[in-house]
Amino acid sequence: MRFGFNAFIGGSFAEIFFGNCTALGLPCVTLSPADLSTVMDAIELDSEQNVEIDVQSSKVRCRAGEFDAGIPAGTRKMLLEGSWDATRVLLDAGDLIEQTAERLPY
């Protein structure tokens, strides 16, 4: 991805930022204030460590441990199924959309 970002961890995200990230396939997960502080402290001590976001299990892992991450169920499902790209989903469903439109009475 651009600038090397593969995902984001935060306490919260603005709706537009979250939606734009999801549209690009970039997971945004939230942590509780205490867990976020622990992860930030761990990264400050060792900025070279691997920080893993497991979307499937909704976990964040780093040297400081494993933490429960928040991610909306619908977004999680889209990222896991690869259906986060709404434009691609619509283009792939073009024939079905046309068939549905033809059956509408208006």
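1. Helix 1 is followed by Gly-25, a residue whose phi is positive, near 80 degrees. The model discussed in this note is a predicted one, and the points below should be read with that in mind.

2. Turning to helix 1 itself, which spans residues 15-23, its buried residues are Phe-18, Cys-21 and Thr-22. Because they cover an arc of only 100 degrees around the axis, these residues lie on the same side of helix 1. The partners against which the buried residues of helix 1 pack are strand 1 (8-10), strand 2 (28-30) and helix 3 (73-81).

3. The next point concerns the sheet. Three strands form an open sheet in the order 3-4-5, and their pairing is antiparallel. Strand 3 and strand 5 are its edge strands, each of them pairing on one side only. On average, and with direction ignored, neighbouring strands of this sheet are turned by 20 degrees against each other. Helix 2 packs on the sheet, where it touches strand 4 and strand 5, and its direction makes about 145 degrees with that of strand 5.

4. What joins strand 3 to strand 4, and which residue there has an unusual backbone angle? As a general matter, most residues other than glycine have a negative phi. In the loop between strand 3 (52-54) and strand 4 (59-62) sits Ser-58, a residue other than glycine whose phi is nevertheless positive, near 55 degrees. This hairpin has four residues between the strands, and the two strands pair in the antiparallel sense over three bridges, with Ile-53 standing opposite Val-60 of strand 4. Ser-58 has a relative accessible area of 19% and therefore counts as buried, the cut-off being under 20%.

5. On its other side, strand 4 pairs with strand 5 (residues 65-68), again in the antiparallel sense, over four bridges. These two strands form a hairpin with two residues between them, and within the pairing Gly-65 of strand 5 is the bridge partner of Cys-62.

6. Which side chains of strand 4 are buried, and which are not? The side chains alternate along the strand, so that Val-60 and Cys-62 point to one face and are buried, whereas Lys-59 and Arg-61 point to the other face and are not buried.

7. A last point concerns the nonpolar interior. In soluble globular proteins, nonpolar side chains tend to be buried together. In this model the largest nonpolar core has twelve residues in all, among them Val-29, Leu-36, Val-39, Val-60, Cys-62, Phe-67 and Leu-79. Helix 2 (33-45) and strand 4 are the elements that give two or more residues to this core, and helix 2 gives the most, with three residues. A second, separate core has five residues, including Phe-8, Phe-18, Cys-21 and Leu-26.

8. Val-29, a member of the largest nonpolar core, deserves a separate look for its contacts. When residues up to four places away in sequence are not counted, Val-29 touches Phe-8, Ile-9, Gly-10, Phe-13, Ile-53, Val-60, Ala-69, Gly-70 and Ile-71. Two of these partners have been met above as a facing pair, since Ile-53 stands opposite Val-60 in strand 4.

How values were computed:
Residues numbered from 1 in each chain as written. Predicted model: local features only at pLDDT ≥ 70, side-chain atom pairs only at ≥ 80, totals over all residues. Heavy atoms only, no water. Buried < 20%, exposed > 50% of the residue type's maximum accessible area, 1.4 Å probe, protein only. Pairing = 2+ DSSP bridges. Arc of directions from axis to C-beta. Contact = heavy atoms within 4.5 Å. Core = buried A, V, L, I, M, F, W, Y, C linked by side-chain atoms within 4.5 Å. Axes fitted to C-alpha atoms, helices over the stretch in contact; angles between N-to-C directions.
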